[in-house]
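Here is a short briefing for a reader new to this structure. Keep the sequence and the 3D view open while reading.

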Amino acid sequence: MIAAPWNLGLRPPAPGCEPGTWRAPGALLAAGLGARLRPARVVELARPPYELEAQPATRIRNGVTLREHTLRLGDAVQAALAASRFPVVLGGDCSILLGSLLGARRTGRCGLVHLDGHSDFRHPGNHDAGTALGAAAGMDLALATGRGELLLTHWPQVGRPLVADQDVIQIGDREDRAVPPVTRFTARQIQRIGIAELGERVITFLERRGLDRVWLHLDLDVLDEHVLPAVDSPGRPGLDFAQLAELLSTLVRTGRAVGLDVAIHDPERDPDGTYAAPIVDCLASAVTPLTTVETLT
């Protein structure tokens, strides 16, 4: 388990204020996630400083700091994989995807299952970077597929991109803006076909692409705002906790998933911890196939 307590990829929720997602790893651990998952090791990365003003030579908020900490997260993920472990990265905001994928890609090709209520595909080709600083949490899929500033798209040992368009499947987008050129199942499509059928189609996609290794990115705003409002951008329609746990466990059970990152829970929107408990239950259920295999071996 790797705790990445940062909020670098988000805009300030109010003038002079930092986003609260950096508190999420601590809140989930306090709610019992460590006890439920029983990780072989817990790695706690330092909390990076959040800057309200633009940094030099980048139009991405906290871009310079984000690159530095992405490299550190990549090292931690790579070390976990080298030890034949399944890293669970607790964020933080969606920019943790970059470090997670970077660590996975250092040992070869890796696909991406991107579970998110938004496409996170903003880049200079579809918005004006000159009018406002870009927020990496709304750009993570674009950056991962090599679109945007070299600062966050070109990486040592890997180059660019972290993942090819053809090796990405995006699940849960409830908007039609900035549609990425990847395989997609929107929130409304999922309502029509159901979770079981969705799982089968995702597995078929992985098999067809010959993807033996795939990273799972989970932005918790893929959940409907009725079941989880304590996120940066709640919305509807979305999954419920049971559906999310079923889908994740189905993907983990294939043996193709090499790791999971979890992002966007904001404990400042959940001061009494009401929503931390069902998140912990969901994640524990999702990785049950891993603990079962470990027990058998």
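Asn-62 is buried, because its relative accessible area of 0% falls under the 20% cut-off. This residue has a positive phi of about 60 degrees, although it is not a glycine. The model is a predicted one. The points below cover the backbone, the charged pairs, the rings and a pocket.

**Backbone features**

- Asn-62 is found in the loop between β2 (43–44) and α3 (63–82).
- Ile-264 is not a glycine either, yet has a positive phi of about 85 degrees.
- The loop that holds Ile-264 runs between β8 (257–263) and α9 (276–286).
- Ile-264 is buried, with a relative accessible area of 2%.
- A cis peptide bond leads from Gly-91 to Gly-92, with omega near 20 degrees.
- Gly-92 has its place in the loop between β3 (88–91) and α4.
- The peptide bond from Arg-160 to Pro-161 is also cis, with omega near 0 degrees.
- Pro-161 belongs to the loop between α5 and β5.

**Salt bridges**

- Side chains of opposite charge can pair when their charged atoms come close.
- The count of salt bridges in this model is 13.
- Arg-109 and Asp-167 are one such pair, with 2.9 Å from N to O.
- Arg-109 lies in the loop between α4 (96–105) and β4 (111–115), and Asp-167 lies in the loop between α5 (140–144) and β5 (168–171), so their salt bridge ties together parts that are 58 residues apart in sequence.
- Arg-109 counts as partly exposed, at 41% relative accessibility.
- Asp-167 is buried, with a relative accessible area of 5%.
- Asp-165 forms a salt bridge with Arg-147, and their closest N and O atoms are 2.8 Å apart.
- Asp-165 and Arg-147 are both in the loop between α5 and β5, and they are 18 residues apart.
- Asp-165 is buried at 18% relative accessible area, because the cut-off for buried is under 20%.
- Arg-147 counts as partly exposed, at 22% relative accessibility.
- Arg-201 pairs with Glu-197, and the closest N and O atoms of this salt bridge are 2.8 Å apart.
- Both Arg-201 and Glu-197 lie in helix α7 (residues 195–209), where they are 4 residues apart, about one turn of the helix.
- Arg-201 is partly exposed at 38% relative accessibility, and Glu-197 is partly exposed with a relative accessible area of 30%.
- Arg-109, Asp-167 and Arg-209 are joined into one network by salt bridges that share partners.

**Aromatic rings**

- A pair of aromatic rings is described by the distance of the centres and the angle of the planes.
- The count of aromatic pairs here is 0.
- The ring of Trp-22 has the charged end of Arg-47 over it, 3.7 Å from the ring centre.

**Second largest pocket**

- The second largest pocket holds about 530 Å³ of space.
- Its lining is made up of 26 residues.
- His-118, Asp-120, Arg-122, Gly-138 and Ser-233 are the lining residues that lie nearest the centre of this pocket.
- The lining of the second largest pocket divides into 10 nonpolar, 7 polar and 9 charged residues.

Notes:
Residues are numbered from 1 along each chain as its sequence is written. This is a predicted model: local features need pLDDT of at least 70, side-chain atom pairs count only at pLDDT 80 or more; totals for chains, interfaces and linings use all residues. Side-chain values use heavy atoms; hydrogens and water are left out. A salt bridge is a side-chain nitrogen of Lys or Arg within 4 Å of a carboxyl oxygen of Asp or Glu. Helices (H or I, at least four residues) and strands (E, at least two) are DSSP runs, numbered from the N terminus. Buried means under 20% relative accessible area, exposed over 50%, partly exposed in between (1.4 Å probe, protein chains only). Rings of Phe, Tyr and Trp (its six-membered ring) pair if their centres lie within 6.5 Å; planes under 30 degrees apart count as stacked, over 60 as edge-to-face and the rest as tilted. A charge sits over a ring if NZ of Lys or CZ of Arg is within 6 Å of the ring centre and within 35 degrees of the ring normal. On a 1 Å grid over the protein atoms alone, a cavity is a set of points where a 1.4 Å probe fits but cannot get out, and a pocket is an open set with protein on both sides within 12 Å along at least five of seven lines; lining residues have an atom within 4 Å of a point. Grid points are joined across faces, edges and corners, and a volume is the space filled by probe spheres set on the points. Ala, Val, Leu, Ile, Met, Phe, Trp, Tyr, Cys and Pro count as nonpolar, Asp, Glu, Lys and Arg as charged, and the others, Gly among them, as polar.
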